[in-house]
Amino acid sequence: MWYTVNRKTFRTFCAVSMEEWKIEKKRSLNNIKRKKGSCAASESEKPVRRQITHRQQRRGKEEMAKKKKAAGILALTALIAAGVFIQKYHYYFTGTSSAPVRAKHNRDFDIPDIRSSVDKDQDGIDDQTDILQGARDYIATKPVYKSKYYSTGYPDDGYGVCTDVVANAMRSAGYDLMELVYSDIIANPWAYDIAQPDKHIDFRRVKNLKVYFARTAVSLTTDIYDISQWQGGDIVIFEDHIGIVSDSRNDRGVAYVIHHNGPYQASYEEDILEQRNDLVGHYRITI
């Protein structure tokens, strides 16, 4: 009896255990399937993540390339601007000496000083010497570069431009450039091509002085190395600039120029003839 009961109990126990085992096995199989599914999902996500990473890297490279290109354009623009500035203003800073403290003179090259046979203002000083001294007297006032219109013609407030150096130099020798240029324009309008002449400003324009001196002054060589032909008191004209030839010279005998060419000019008297390539005229008022 005991054996029988226990046998039944044993069978019941085994049946229960088998059922639990089957359930547990099934559960385990389901877990394995889930894990496999999760792994499969993870594996499928990897290419997507890889694509996103590649896209981000490509975008980063493109942005870097754009920044480099912009920096290159900026650097090139700055370089071009610097080149233009140097080309336009290099003669402000170059020369044997910005102020001719070590300059040479005619005697250093055995060149005789030129004296004019005319003394327009009858002050006992010839025109050539008078014009040179007048230019020096004018720059001694240290005029500030500024282009303005004056109803009086000649600036009277400490400002001036390049043409004022010439006008004041000639004025000191007895020549009123304002009246002279205006009279020539009225008498020969075809030569100047001015629609409405203005006495108070026309003599302060380089383009008009080119015409005036070509018509009325003694034309001389534009070869700056023909040094004996360049004398203090001569007038030198460039494309858009004008000045008075100095009696100072550099080591090669090339004359300095007394001029006023801008607010950043190092000195009113400079060694610039060899640095400029726009020389168009060289004149002497009288001989």
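**Exercise 1. Strand pairing around S8**

How many bridges join strand S4 to S8, and do the two run parallel or antiparallel? Work it out on this predicted model, then add S3 to the picture.

*Solution.* Start with S4, residues 235-238: four bridges join this strand to S8, and the two run antiparallel. For one rung of that ladder, pick Ile 237; its bridge partner in S8 is Gly 281. Now turn to S3, residues 218-219. This strand pairs with S8 (residues 279-284) over two bridges, again in the antiparallel sense. Here you can check Ser 219, which stands opposite Tyr 283 in S8.

**Exercise 2. The largest nonpolar core**

Find the residues with the most contacts inside the largest nonpolar core, and work out which element supplies the largest share.

*Solution.* First, the head count: this core has 34 residues. Those with the most contacts inside it are Val 166, Met 170, Leu 177, Phe 213, Ile 235, Ile 242 and Ile 244. Next, see where the core residues come from: helices H2 (127-139), H3 (162-172), H4 (177-187) and H7 (206-216), plus strands S4 and S5, each supply at least two. H3 gives the largest share, with six residues.

Then zoom in on Ile 242. Leaving out residues up to four places away in sequence, Ile 242 touches a list that includes Val 166, Leu 209, Phe 213, Ile 235 and His 259. Don't stop there, though: a second, separate core of 10 residues includes Val 236, Phe 238, Ala 255 and Val 257. As background, nonpolar side chains tend to be buried together in soluble globular proteins.

**Exercise 3. A buried arginine**

Which side chain of opposite charge is nearest to Arg 249, and how far away is it? Look at what else surrounds this arginine.

*Solution.* Place the residue first: Arg 249 sits in strand S5, residues 242-249. Arg 249 is buried but has no salt bridge, and the nearest side chain of opposite charge, Asp 113, is 7.0 Å away. That distance lies outside the 4 Å cut-off for a salt bridge. Now look for a polar partner: the backbone oxygen of Gly 253 lies 2.8 Å from a polar atom of the Arg 249 side chain. Finally, list the neighbours beyond four places in sequence; among them are Ala 103, His 105, Phe 109, Ile 111, Trp 230 and Tyr 256.

**Exercise 4. Salt bridges**

Take three of the salt bridges, Arg 136 with Asp 247, Lys 148 with Asp 157 and Arg 276 with Asp 240, and describe how exposed the partners are and what the pairs link.

*Solution.* The total for the model is 12 salt bridges.

- **Arg 136 and Asp 247.** Their side chains meet at 2.5 Å, N to O. Arg 136 lies in helix H2 and Asp 247 in strand S5, so the pair ties together parts 111 residues apart in sequence. Arg 136 is partly exposed at 23% relative accessible area, and Asp 247 is partly exposed at 28%.
- **Lys 148 and Asp 157.** The N to O distance is 2.8 Å. Lys 148 is partly exposed at 29%, and so is Asp 157 at 32%.
- **Arg 276 and Asp 240.** The closest N and O atoms are 4.0 Å apart. Arg 276 lies in the loop between S7 (269-270) and S8, and Asp 240 in the loop between S4 and S5, so this pair ties together parts 36 residues apart in sequence. Arg 276 counts as buried at 10%, whereas Asp 240 is exposed at 54%.

Last step, look for shared partners: Arg 136, Asp 247 and Glu 269 are joined into one network.

Technical notes:
Residues are numbered from 1 along each chain as its sequence is written. This is a predicted model: local features need pLDDT of at least 70, side-chain atom pairs count only at pLDDT 80 or more; totals for chains, interfaces and linings use all residues. Side-chain values use heavy atoms; hydrogens and water are left out. Two strands pair if DSSP finds at least two bridges between them. Buried means under 20% relative accessible area, exposed over 50%, partly exposed in between (1.4 Å probe, protein chains only). Lys and Arg count as positive and Asp and Glu as negative; His and the chain ends are not counted. A polar contact is a pair of N or O atoms within 3.5 Å; within protein, one must be able to donate a hydrogen and the other to accept it, and residues adjacent in sequence count only if both atoms are side-chain atoms. Contact means heavy atoms within 4.5 Å. A nonpolar core is a set of buried Ala, Val, Leu, Ile, Met, Phe, Trp, Tyr and Cys residues joined through side-chain atoms within 4.5 Å.
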